[in-house]
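Trainee: I've got a model open on my screen and I'd like to learn how to read it. Could you walk me through it?

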Amino acid sequence: MLLLSFPILSSGNHLSSLGSFSFQKRLVEVSCSGHNLQGNGEQAKSSFKFEENTKRRLLLVLFLGSGIFPALPSCGKTKKQNPYDERRLLEQNKRIQKENGVPDEFPNFVREGFTVRVVASDDYVKRDSGLIFRDFEVGKGDCPKAGQQVTFHYIGYNESGRRIDSTYLQGSPAKVRLGNKALIPGFEEGIQDMKPGGKRRLIVPPELGPPVGPSTFFSSKQFEVFDVELLSIQDCTRRTIGFYSDVVCD
């Protein structure tokens, strides 16, 4: 139903002597003289369509000129976790670790960007700090305390199972006093409740690992795995001779 505001005469009559009129506000001029009512109706429909098209053009010019654009519906896709991709990344990590000759029961790592998931057996224990460990041998005796020296062997691995350090290959164990930040936080937390003779595997998350950056040996934040064998614990005392002072552990 058309609701245009121009006069339509009764049947058999013609329009007024003015012959034509204009819609200045709508920028449309419609001539109505010399036509019957049916012709006027068809012309009105045509004029209405032209008027609507003109309105759309004016709105488009207004939007472009003012920098305002109407909101359009969005149909973008969201990325979902694909179980097949995760399985592929897991198999890839297993293959690389096998090529690097990792020991038995070694954990796997599924890395996608900055997100890493650790895949390990139920024999591993996770602490609130994020440290994950597993005891292969518990050992006997007392656990070391802050200020005491621990003597131990270790082998360090990265997420790919590549060996990054080993005291066994160096030919001598490491000796470190606990409590003076000589070890990375995750390593010290993992060794401080071991007993002499114990063997433990530590999975150290990045937040408990070494600092990274151009001034350090490590260039990126990764999980690290350490196989640790605690050999012995020594008490330490400070010795002062004249102006010379040192710490002796025996």
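Mentor: Let's talk about confidence, then a strand, then a disulfide. This is a predicted model, where local features need pLDDT of at least 70, side-chain atom pairs count only at pLDDT 80 or more, and totals for chains, interfaces and linings use all residues. Residues are numbered from 1 along each chain as its sequence is written, and side-chain values use heavy atoms, with hydrogens and water left out.

Trainee: Where is confidence lowest, and where is it highest?

Mentor: pLDDT is the predictor's confidence in each residue, from 0 to 100. The protein averages 76, and 63% of the residues score at least 70. Confidence bottoms out in strand 2 (residues 28-31) at a mean of 40 and peaks in strand 10 (residues 199-204) at 98. Strands here are DSSP runs of E, at least two residues, numbered from the N terminus. Over residues 1-39 the pLDDT is below 50, yet beyond near neighbours in sequence that stretch has 43 contacts in the model, a contact being heavy atoms within 4.5 Å. Residues 58-78 also sit below 50, with four such contacts. Where pLDDT is low, don't read the predicted coordinates in detail.

Trainee: Is strand 7 buried or exposed?

Mentor: Buried means under 20% relative accessible area, exposed over 50%, and partly exposed in between (1.4 Å probe, protein chains only). In strand 7 (residues 149-157), nine of the nine residues are buried, so the strand is largely enclosed by the rest of the structure. In a regular strand, side chains alternate between the two faces of the sheet. Here both faces are covered: Gln149, Thr151, His153, Ile155 and Tyr157 are buried on one side, and Val150, Phe152, Tyr154 and Gly156 on the other.

Trainee: Which strands pair with strand 7?

Mentor: Two strands pair if DSSP finds at least two bridges between them. Strand 7 runs antiparallel to strand 11 (residues 224-234) over nine bridges, with His153 facing Glu229 as its bridge partner. Strand 9 (residues 174-177) is also antiparallel to strand 7, over four bridges. Three bridges join strand 7 to antiparallel strand 8 (residues 163-166). In that hairpin, five residues lie between the strands, and Gly161 takes a positive phi near 80 degrees.

Trainee: How many disulfides are there?

Mentor: Count a pair of cysteine sulfur atoms within 2.5 Å. The whole structure has one: Cys236 with Cys249, sulfurs 1.9 Å apart. Cys236 is in strand 12 (residues 236-241) and Cys249 in strand 13 (residues 244-249), 13 residues apart. The link is right-handed, at 110 degrees about the S-S bond.
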